[in-house]
Amino acid sequence: MSQKILIILFIFLHCQVILASDPDPVQDFCIAHEAESGLNLQCKNSSLATVEDFVFSGVKSPGKFSETGLSATSVNSKIFPGLNTLGMSFVRADLEPGGINPPHFHPRATEIVFVLEGKVYSGFVDTQNRVFSRVIEKGEVMVFPRGLLHFQMNVGYERATILGSFDSQNPGLQRIANAVFGSGIEEGLLEKAFGLSPKELAKLRRKFASEHKE
Ligand SMILES: *[C@@H]1O[C@H](CO)[C@@H](O)[C@H](O)[C@H]1NC(C)=O
């Protein structure tokens, strides 16, 4: 291959890498006016910015625990407008002993998690259905590649605390069971797809009926 072709190929691959992340900011910061959609919205007048725009205090302690023993507070640009245009976000997750973070994925971000306290069975599944999982302990980090299914379970005797960060201001969250059974997909299709009787499907639908979110 000639050098020119190699250079063009390099530029092409490099551009793809750039396009795979949130857009680059074009100013120091852009505190979102209205944070609801999590998108790049109009910036608040930067002369009016204060340090409070860059501090979020809602992760000092765990939030409400779900029935699976999980409390997760996503610190994305929707609840922390100072993150707008900065291409990253954060999560604090706490798990009761035996608690689980059910299989889910983030369509727009890779996630790296750090175990602050506890022992957590953690893993992800690639598109060939290989599972990469093990127990990670206090002080260890694990990465969940963008868009891949992942999960966690507290296998210790104490509450576990996990901190995570994402390379998107708005990673999105799709929980597999809720997306499949809680979204209103036609019963006939789900019965065939998963080999379920109407009774079994009804049970799963009740369990995973979810409010619309993110
Ligand atoms: C931003 O706020 C400053 C200070 O209140 C004001 O002087 C300026 O006109 C505002 N800029 C815009 C674009 O509204």
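Let's begin inside this predicted model, at its largest nonpolar core. This core has 13 residues, and Leu95, Val113, Val120, Met142 and Ile162 are the ones that touch the most other members. Where do the core residues come from? Strand S2 (89-95), strand S4 (111-117), strand S5 (119-125), strand S7 (141-144) and strand S9 (160-166) each supply at least two of them. In general, nonpolar side chains tend to be buried together in soluble globular proteins.

Now pick out Met142. Leaving aside residues up to four places away in sequence, Met142 touches Glu111, Ile112, Val113, Ser122, Gly123, Phe124, Phe132 and Ile136. One of these, Val113, stands opposite Met142 in S7. The strands S4 and S7 pair in the antiparallel sense, over four bridges.

Step back, and you can follow an open sheet of five strands in the order S1-S2-S9-S4-S7, with antiparallel pairing. Its edges are strand S1 (70-75) and S7, each of which pairs on one side only. From one strand to the next, the twist averages 20°.

Next, let's visit the helices. Helix H3 (residues 187-194) packs against helix H4 (residues 198-208) at an angle of about 105°, and their axes are 10 Å apart. Because of that angle, H3 is roughly perpendicular to H4. Which residues make the contact? Glu187, Leu190 and Glu191 do so from H3, and Pro198, Leu201 and Arg205 from H4. Sorted by class, the contact has three nonpolar, no polar and three charged residues.

Finally, return to the nonpolar cores. Apart from the largest nonpolar core lies another core, of six residues, including Val180, Phe181, Leu201 and Phe208.

Technical notes: Residues numbered from 1 in each chain as written. Predicted model: local features only at pLDDT ≥ 70, side-chain atom pairs only at ≥ 80, totals over all residues. Heavy atoms only, no water. Axes fitted to C-alpha atoms, helices over the stretch in contact; angles between N-to-C directions. Helix = DSSP H or I, 4+ residues; strand = E, 2+ residues; numbered from the N terminus. Parallel < 35°, antiparallel > 145°, perpendicular 65-115°, else oblique. Contact = heavy atoms within 4.5 Å. Nonpolar A, V, L, I, M, F, W, Y, C, P; charged D, E, K, R; others polar. Core = buried A, V, L, I, M, F, W, Y, C linked by side-chain atoms within 4.5 Å. Buried < 20%, exposed > 50% of the residue type's maximum accessible area, 1.4 Å probe, protein only. Pairing = 2+ DSSP bridges.
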